[in-house]
Amino acid sequence: MSKKGLLLVNLGSPKSPSVNDVKEYLGEFLMDERVIDYNWILRSLLVKGIILNTRPSKSAEAYKKIWTNDGSPLLVITEKIKNKLQRIIDIPVEIGMRYAEPSIEKGISNLVEKGVDNIVLFPLYPQYAMSTTESVIVKTEEIRKAKFPFIKIKYVEPFYNKDIYIDCLVESIKEKFSNDFDALLFSYHGIPERHIFKTDPTNTCNLRDCCDRKYNPSHQFCYRHQCFETTKKVIEKLNLSPEKTIVSFQSRLGRDKWIEPYTDSTLEQLPSRGVKRLAIICPAFISDCIETLEEIVIEGKEIFFDNGGEVYEYIPCLNDNDAWIQVIKTLSEEKKDNFYLL
């Protein structure tokens, strides 16, 4: 008789904030062809010849600012999510990281050792992107075919517009946001513009008005549209004026054109536009990590204050919020066809 298990997959983190461990982590992360999508030779020259000789020391300093006594915030939080979920779900739950440890292969192996041969894999990314959801699916399939061909895997689809997720996000915002703020900024992780076109098999995306249409064939694959859709649904449920909300994209790397507007530039400009009291949330992330705790909480606040801002309130990720744990349970139990995009 088939036995089901659940595998939660997140991005991953270095083993420690040391330069060597950060360099090892960045090497694996940036050599993923769905993160830096150049051919292997150019990617190697860029990553191994330039980035890994300059970036690890700076990134290590950033990790040191947010590292906890228990380790990486992202790993600690993901482990807490797993433990809370295991208390309310009657199938084995494991975690795997797309990069570094514990690996996806280790997570699958742990489930197999418990007799599991039917896995529900939950990529912990609300929106679909080539560098996140697709990368997880491709890597998992490679591992399954090579090491575990006897198991079946179904994937939880992106949940950026699911009411239960939106409701959970809205309640977390209500805890911090009030009419005392001039604006609420939604800062999503950025991606290169070309990734949008590469993940659109319908060839109907133009990166202009298609995101605003009620329906476009590319929406199922378009990260940008899904970010704006998450924002739209949240502000509707919060009954906020669109004029009081802003969307931006953070964490760009290199000189390529990334989707705009950029978060750092937005934070620089907002005080001069009359936004002195700002709340900010990062709905592309489920767990607080270096991109939220260092880039937004520390660097973003400094940029905003240096340019005349007065109040800056970061609204944490859902993390191991009890309501979010229930959402994970519900989404993982939905009866749907396998979500698989290749």
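# Exercises on a predicted model

S218 is in contact with D200, T202, T204 and C205, leaving aside its neighbours within four places in sequence. The model is predicted.

## Exercise 1. A serine in a loop

Task: place S218 between its flanking helices and decide whether S218 is buried or exposed.

Solution.
- Step 1. Find the segment. S218 lies in the loop between helix 7 (193–198) and helix 8 (223–238).
- Step 2. Read the accessibility. The relative accessible area of S218 is 1%.
- Step 3. Apply the cut-off. Buried means under 20% relative accessible area, so S218 is buried.

## Exercise 2. A serine in a strand

Task: locate S248, classify it as buried or exposed, and list its contacts beyond the sequence neighbours.

Solution.
- Step 1. S248 belongs to strand 6 (residues 245–250).
- Step 2. Its relative accessible area is 0%, so S248 is buried.
- Step 3. Leave aside neighbours within four places in sequence. S248 then contacts L185, F186, S187 and Y188, and also P261, Y262, T263 and T266.
- Step 4. Check a C-alpha pair. S248 and D264 are 16 residues apart along the chain, and their C-alpha atoms are separated by 8.7 Å.

## Exercise 3. M130 and H195

Task: describe the surroundings of M130 and H195.

Solution.
- Step 1. Assign the elements. M130 is in helix 5 (residues 130–147). H195 is in helix 7.
- Step 2. Compare with the cut-off for burial, under 20% relative accessible area. M130 has 7% relative accessibility, so it counts as buried. H195 has a relative accessible area of 2%, so it is buried.
- Step 3. List the contacts of M130, without neighbours within four places in sequence. They are R34, D37, S135, H195, K198 and T199.
- Step 4. Do likewise for H195, not counting residues up to four places away. H195 touches R34, V35, D37 and M130.
- Step 5. Add a C-alpha separation. M130 and T199 are 69 residues apart along the chain, with their C-alpha atoms separated by 6.3 Å.

## Exercise 4. Helix 3 and its partners

Task: give the span of helix 3, its buried residues and the elements they pack against.

Solution.
- Step 1. Helix 3 covers residues 73–88, which is 16 residues. From first C-alpha to last, helix 3 reaches 23 Å, close to the 22 Å expected at 1.5 Å a residue.
- Step 2. The buried residues of helix 3 are P73, L74, V76, I77, T78, I81, K82 and L85.
- Step 3. Those buried residues pack against two strands: strand 1 (4–10) and strand 2 (93–97). They also pack against helix 2 (40–66), helix 10 (290–293) and helix 12 (322–333).

## Exercise 5. The crossing of helix 3 and helix 12

Task: describe how helix 3 and helix 12 cross and which residues meet.

Solution.
- Step 1. Choose the descriptors. Two packed helices are described by the angle between their axes and the distance between the axes.
- Step 2. The axes of helix 3 and helix 12 come within 10 Å and cross at roughly 65°.
- Step 3. The crossing of helix 3 with helix 12 is right-handed.
- Step 4. Helix 3 brings I81, K84, L85 and I88. Helix 12 brings D322, W324, I325, Q326, I328 and K329.
- Step 5. The residues of this contact divide into 6 nonpolar, 1 polar and 3 charged.

## Exercise 6. W324 and the nonpolar cores

Task: name the residues with the most contacts inside the largest nonpolar core and list what W324 is in contact with.

Solution.
- Step 1. The largest nonpolar core has 71 residues. L8, L184, Y223 and W324 have the most contacts inside it.
- Step 2. Helix 6 (residues 163–174) gives the largest share of this core, 6 residues.
- Step 3. Leave aside neighbours of W324 within four places in sequence. W324 is in contact with I81, L124, F159, Y165, C168, I286, L318 and N319.
- Step 4. A second, separate core has 35 residues, including V22, L111, I137 and I143.

## Exercise 7. Backbone features in two loops

Task: find the cis peptide bonds before P102 and P261, and the positive phi values of A100 and S251.

Solution.
- Step 1. Start with the loop between strand 2 and helix 4 (104–113), the place of P102. The E101 to P102 bond is cis, with omega near -5°.
- Step 2. A100 lies in the loop between strand 2 and helix 4. Its phi is near 70°, positive in a residue other than glycine. At 18% relative accessibility, A100 counts as buried.
- Step 3. Turn to the loop between strand 6 and helix 9 (263–269), where P261 is found. The E260 to P261 bond is cis, with omega near 0°.
- Step 4. S251 is found in the loop between strand 6 and helix 9. S251 is not a glycine, yet has a positive phi of about 65°.

Definitions and conventions
Residues numbered from 1 in each chain as written. Predicted model: local features only at pLDDT ≥ 70, side-chain atom pairs only at ≥ 80, totals over all residues. Heavy atoms only, no water. Helix = DSSP H or I, 4+ residues; strand = E, 2+ residues; numbered from the N terminus. Expected span 1.5 Å × (residues − 1). Buried < 20%, exposed > 50% of the residue type's maximum accessible area, 1.4 Å probe, protein only. Contact = heavy atoms within 4.5 Å. Axes fitted to C-alpha atoms, helices over the stretch in contact; angles between N-to-C directions. Left-handed = near helix turned anticlockwise from the far one by under 90°. Nonpolar A, V, L, I, M, F, W, Y, C, P; charged D, E, K, R; others polar. Core = buried A, V, L, I, M, F, W, Y, C linked by side-chain atoms within 4.5 Å.
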